[in-house]
Amino acid sequence: MVAPLRRSLPPSTAVSRLLPLCLALLAACASPSSELERMVKNSSRDLEGGGRLAGVTDANAARQQRRIGKAREYVAAGQVGSAADHFYAGLILATSSSLDDLEAATLLGLKAAELGEERGFRVAAEAIDKALRIRGEPQRYGTQVSYLEVIQEWRLDPLDPRTTDEERVAMGVAPLAELEAFVRELNANPAGD
Amino acid sequence: MERDAARSEPGHEVDLHGLDRRGAQRRLAQALQTARLRGASSLLAITGRGWGSPDGEPVLRSHIEAWLAGPEAARLGVTGFERTSAGGALAIRLRRQG
């Protein structure tokens with residue numbers, strides 16, 4: 001008969017073998033990062049595979065709304081603790097059209113950056129710009145572009161002229177000249193090939 | 001709640017200790033932008049007094065002061081600054097973001 005594992009190992013060996021597993025389980029329970037990251041990856045996957053407008057479908061939109069709802073739950077439950085938690089939750093909420101979500105995404109992005117995840121600045125810039133556009137105001141940093149169906153052309157959404165390149169760069173956004181070059185490239189290569 | 005936590009931070013400051021000039025400048029630019037987004041009108045930048053540098057001169061503080069007086073910092077909303085904490089920090093005044 002085979003003795004149970006816990007009896008066949010000296011206590012110190014059992015602890016050394018079980019400790020990494022316990023720590024991994026504790027980490028998984030303590031932080032929703034992996035779930036939030038998975039949601040971000042799935043969201044990106046929804047937007048891939050058929051040109052730049054492929055993501056605009058009812059099914060994709062419904063899935064994204066569920067992800068946004070889940071991110072809201074994590075934030076409301078105070079489960080967002082690490083830099084990665086803040087970054088991924090902010091990234092998901094920045095895709096919302098709700099001003100409350102965008103305000104939360106801004107703060108999550110800034111907090112992520114403060115905790116060491118520099119990409120959080122870009123998330124905050126995107127959420128700020130999107131909120132401004134929803135309010136009908138010019139964007140601040142230049143993260144928002146629109147496709148004008150009538151003329152089949154991408155355009156950088158109207159920009160607040162008071163924003164400087166230094167402010168853009170501090171927020172992880174490219175200088176204006178590079179943003180304009182990016183839009184020219186989009187128009188030169190409309191299929192995204 | 002996350003939003004309340006972010007707003008209730010007591011002060012806006014950035015610690016530049018241990019960073020090289022380029023790193024400190026970058027960190028400060030980000031901190032200036034963050035502080036303004038959070039509605040702050042000032043930021044405390046901790047540079048240290050330079051006692052750890054080879055010749056005892058506050059190299060980082062001098063570099064940061066020169067940068068703060070230049071056009072790049074002005075374009076990040078800096079309107080002025082002064083030494084504080086016995087010279088170990090700089091109190092930076094910020095223009096409100098539009």
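Helices (H or I, at least four residues) and strands (E, at least two) are DSSP runs, numbered from the N terminus. Welcome to this predicted model, in which local features need pLDDT of at least 70, side-chain atom pairs count only at pLDDT 80 or more, and totals for chains, interfaces and linings use all residues. Residues are numbered from 1 along each chain as its sequence is written, while chains are lettered from A and ligands numbered from 1 in the order in which they are written.

**Confidence in chain A**

- Chain A has an average pLDDT (the predictor's confidence in each residue, from 0 to 100) of 84, and 78% of the residues score at least 70.
- Within chain A, helix α7 (residues 119-134) has the highest confidence, at 98, and helix α1 (residues 5-8) the lowest, at a mean of 47.
- Residues 1-9 of chain A stay under a pLDDT of 50, and the model gives them 3 contacts beyond four places in sequence; two residues are in contact if their C-beta atoms, placed from the backbone, lie within 7 Å.
- Where pLDDT is low, the predicted coordinates should not be read in detail.

**Helix α6 of chain A**

- The end C-alpha atoms of helix α6 (residues 99-114) of chain A are 23 Å apart, which agrees with the 22 Å that its 16 residues should span at 1.5 Å a residue; the expected span is 1.5 Å times one less than the number of residues.
- α6(A) is mostly covered, with 12 of its 16 residues buried. A residue is buried if 20 or more other C-beta atoms lie within 10 Å of its own, exposed if 12 or fewer, and partly exposed in between, with C-beta atoms placed from the backbone.
- Among the buried residues of α6(A) are A:Asp101, A:Leu107 and A:Lys111.
- A:Gly116, just after α6(A), has a positive phi of about 115 degrees.

**Two loop residues with positive phi**

- A:Gln152 is in the loop between β1 (145-148) and β2 (153-156) of chain A. Its phi is near 50 degrees, a positive value in a residue other than glycine, and A:Gln152 counts as exposed because it has 9 C-beta neighbours inside 10 Å.
- In chain B, the loop between β3 (78-84) and β4 (89-94) holds B:Ala86. This residue, also not a glycine, has a positive phi near 55 degrees; B:Ala86 is exposed, with 7 other C-beta atoms within 10 Å.

**Where the chains meet**

- Contacts link 13 residues of chain B with 16 residues of chain A.
- On the side of chain B that touches chain A, α1 (2-7) and α2 (21-37) of chain B are the elements that give two or more residues. α2(B) gives the most, with 6 residues.

**The sheet of chain B**

- Chain B has an open sheet of 4 strands in the order β1-β2-β4-β3, with mixed pairing; two strands pair if DSSP finds at least two bridges between them.
- β1 (13-15) and β3 of chain B are at the edges, each with a single partner strand, so one side of each has no neighbour in the sheet.
- β1(B) runs parallel to strand β2 (residues 42-46) of chain B, joined by 3 bridges, and B:Asp15 stands opposite B:Ile46 in β2(B).
- α2(B) packs on the sheet, touching β1, β2, β3 and β4 of chain B, and its direction makes about 155 degrees with that of β2(B). Axes are lines fitted to C-alpha atoms, for helices over the stretch in contact, and angles run from 0 to 180 degrees between N-to-C directions.
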